[in-house]
Amino acid sequence: MVLGDITTQAVDAIVNAANPALARGAGVCGAVFAAAGPGLEAACAALGGARTGDAVATPGFALPARWIIHAVGPVWRGGDRGEAQLLAAAYRRSLEVADELGATSVAFPAISTGIYGYPLDAATDVAISSVRESPCRVTVVRFVCFDARTLAAYEQRLA
């Protein structure tokens with residue numbers, strides 16, 4: 001885990017915390033679109049969207065990463081509507097897509113913890129367990145934390 005900007009990570013693929021329309025959004029998604037450049041909007045539009053819990057890939061365009069994996073996490077609705085399963089699916093599917101691309105290093109944001117309102121501690125538990133249990137061939141997974149509070153949550157759980 002690192003404190004930093006996911007758009008500057010020198011990895012094979014970064015994960016974008018995407019919305020189902022794969023449209024430019026706020027938070028991580030807005031930063032990824034801004035840093036990748038204008039080609040990303042057309043590439044995402046051509047994919048036609050993705051379901052919650054799924055992930056799809058585009059080129060990285062102007063990013064240091066070769067690919068962007070767009071993972072759609074759930075909106076938090078209290079925790080009794082399958083949110084944990086959908087969030088775990090988004091992490092697992094991201095790693096499956098990374099394998100399909102041949103990516104060996106992947107950087108993740110804290111999916112769904114921003115405007116989607118997923119509680120940070122619960123989301124961190126799901127992220128770590130999902131990645132640990134994945135049978136992927138990815139050798140480097142980096143959790144990129146945008147603030148000290150997020151970093152502390154990952155440090156506590158990975159200690």
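Hi everyone, a definition to start: two strands count as paired if DSSP finds at least two bridges between them. Helices (H or I, at least four residues) and strands (E, at least two) are themselves DSSP runs, numbered from the N terminus.

A word on where this comes from. This is a predicted model, in which local features need pLDDT of at least 70 and side-chain atom pairs count only at pLDDT 80 or more, while totals for chains, interfaces and linings use all residues. Residues are numbered from 1 along each chain as its sequence is written, and side-chain values use heavy atoms, leaving out hydrogens and water.

Now the overall fold. The chain has five helices and six strands, and from the N terminus they run β-β-α-α-β-β-α-β-α-β-α. For 159 residues, a compact globule would have a radius of gyration near 15 Å, and the chain's 14 Å agrees with that. That radius is taken over C-alpha atoms, and the globule rule is 2.2 Å times the number of residues to the power 0.38. Along the principal axes, the C-alpha atoms fill a box of roughly 35 × 30 × 30 Å.

Let's walk across the sheet. Its six strands form an open sheet in the order 1-6-5-2-4-3, with mixed pairing. The edges are strand 1 (2-3) and strand 3 (55-59), each pairing on one side only. At one edge, strand 1 runs parallel to strand 6, joined by two bridges, and Leu3 sits opposite Cys145 of strand 6. Strand 6 also pairs in parallel with strand 5 (residues 105-108), over four bridges; here Phe108 has Phe143 as its bridge partner. At the other edge, strand 3 and strand 4 (residues 67-72) run antiparallel, joined by five bridges, with Thr58 opposite Ile68.

What about the helices? Helix 2 (residues 39-47) lies across strand 3 and strand 4, at about 140 degrees to strand 3. Helix 5 (residues 148-158) packs on the sheet too, touching strand 1 and strand 6 (140-145), and its direction makes about 140 degrees with that of strand 6. Contact here means heavy atoms within 4.5 Å. The axes are lines fitted to C-alpha atoms, for helices over the stretch in contact, with angles from 0 to 180 degrees between N-to-C directions.

Finally, the largest pocket. On a 1 Å grid over the protein atoms alone, a pocket is an open set of points where a 1.4 Å probe fits, with protein on both sides within 12 Å along at least five of seven lines; lining residues have an atom within 4 Å of a point. The largest pocket is lined by 19 residues, and Ala17, Ala26, Val28, Gly114 and Ile115 lie nearest its centre. Helix 1 gives the most to that lining, with three residues. Thanks, everyone!
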